[in-house]
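Please look over the sequence and the model shown here before reading the report.

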Amino acid sequence: MPFFEPLQRSPADEPWFGKAPTTPPPYPWDKPTNVAGEAVPIGFVLASSASGAIRVQHVTAYPNGFEFDVVAHHRGSNEVWDPMYGLAGLRGRLGDPYGKLSDEHLRFGVQFSNGAKATNVGPPMSMPTPPGTPGPWLLSHGGEAEEGLAQSTFWVWPLPPPGPLQFVAEWPLHGISLSRHAIDSSVIRDAAGRCR
């Protein structure tokens, strides 16, 4: 089974779509606004080729999850590559059939030590799984783009369990096949315990 599997049906077909959770905010999966996150000294090139590179940086731990940036560098085109279509969770360009992944689409995800995973080609970023479903959830918190560069900030809920935490990517347009980079999740979990 491939790591990146596009959805076969629209989130609007799900019974929970558009329904507000029954409890008031803040929700357990929200990034806390009343906590100063703790920086984690992690940054690495996840994958690279002659025309593209994917970097993970600026990891920040919180009591219930962690945030980080994914930066995609590319060359060979004068276009500004829009991270909202190529990185942050939408599938291909406007007008593409639902669930279609083009080679241009940078696929990105995380996988916990228990095998659970979340990707930017899975369920929508605003409500990635029905309420009550265990994580991980991978939520996009915006990004920016310029010629040759796109950046998106992601939030992962909950904190990863003990063991390896894998960052996974694939970018066919730039010759980047399925690539993984594992870190020990204890560095994030320990930092989360130091939050104020």
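The report below goes from the overall make-up to the sheets, the cores and a few backbone details.

## Overall make-up

The model is predicted, and its secondary structure comes to two helices and ten strands. Read from the N terminus, the elements follow the order β-β-β-β-α-β-β-β-β-β-β-α, with the second helix, helix 2, spanning residues 186–192.

Of the 196 residues of the protein, 46% count as buried, and the exposed surface amounts to about 9700 Å², of which carbon and sulfur atoms supply 54%. When contacts between residues at least 6 apart in sequence are considered, 62% of them join residues at least 24 apart.

## The open sheet 6-5-9-10

Four strands make up an open sheet in the order 6-5-9-10, with antiparallel pairing. Its edges are strand 6 (117–119) and strand 10 (176–184), each of which pairs on one side only. On average, and with direction ignored, neighbouring strands of this sheet are turned by 15 degrees against each other.

Strand 5 (residues 107–111) is joined to strand 9 (residues 164–171) by five bridges, the two strands running antiparallel; within this pairing, Q111 has Q166 of strand 9 as its bridge partner. Strand 5 also pairs with strand 6, in the antiparallel sense and over three bridges, and here V110 has A118 of strand 6 as its bridge partner. Strands 5 and 6 form a hairpin with five residues between them, and in that turn G115 has a positive phi of about 95 degrees.

## Cover on strand 5

Strand 5 is mostly covered, five of its five residues being buried. In a regular strand the side chains alternate between the two faces of the sheet. In strand 5, R107, G109 and Q111 point one way while F108 and V110 point the other way, and all are buried.

## Strand 4 and its partners

Strand 3 (52–62) and strand 4 (65–74) both give two or more residues to the largest nonpolar core. The two strands form a hairpin with two residues between them and pair in the antiparallel sense over nine bridges, with F66 of strand 4 as the bridge partner of A61.

Strand 4 pairs with strand 8 as well, again in the antiparallel sense, over eight bridges, and in this pairing D69 stands opposite T153 of strand 8. Strand 4 is mostly covered, since nine of its ten residues are buried.

## Two nonpolar cores

The largest nonpolar core has 30 residues, and those with the most contacts inside it are I54, F68, F108, F167 and I188. The elements that give two or more residues to this core include strand 2 (44–48), strand 8 (149–157), strand 9, strand 10 and helix 2, together with strands 3, 4 and 5.

What does F167 touch, leaving aside its neighbours within four places in sequence? The residues in contact with F167 are F44, L46, V56, F66, F68, F108, G109, V110, S179, R180, H181 and I183. Two of these, F68 and F108, are also named among the residues with the most contacts inside the largest core. A second, separate core of seven residues includes Y27, Y62, W137 and L139.

## Backbone details

Two further sites deserve a look on the backbone. The peptide bond from W157 to P158 is cis, with omega near -5 degrees, and P158 lies in the loop between strand 8 and strand 9.

The other site is H58, which is found in strand 3 and has a phi near 55 degrees, a positive value in a residue other than glycine. Is H58 buried or exposed? Because its relative accessibility is 52%, H58 counts as exposed, the cut-off for that class being over 50%.

Definitions and conventions
Residues are numbered from 1 along each chain as its sequence is written. This is a predicted model: local features need pLDDT of at least 70, side-chain atom pairs count only at pLDDT 80 or more; totals for chains, interfaces and linings use all residues. Side-chain values use heavy atoms; hydrogens and water are left out. Two strands pair if DSSP finds at least two bridges between them. Axes are lines fitted to C-alpha atoms, for helices over the stretch in contact, and angles run from 0 to 180 degrees between N-to-C directions. A nonpolar core is a set of buried Ala, Val, Leu, Ile, Met, Phe, Trp, Tyr and Cys residues joined through side-chain atoms within 4.5 Å. Buried means under 20% relative accessible area, exposed over 50%, partly exposed in between (1.4 Å probe, protein chains only). Contact means heavy atoms within 4.5 Å. Accessible areas come from the Shrake-Rupley method with a 1.4 Å probe; for residues, only the protein chains shown count as cover.
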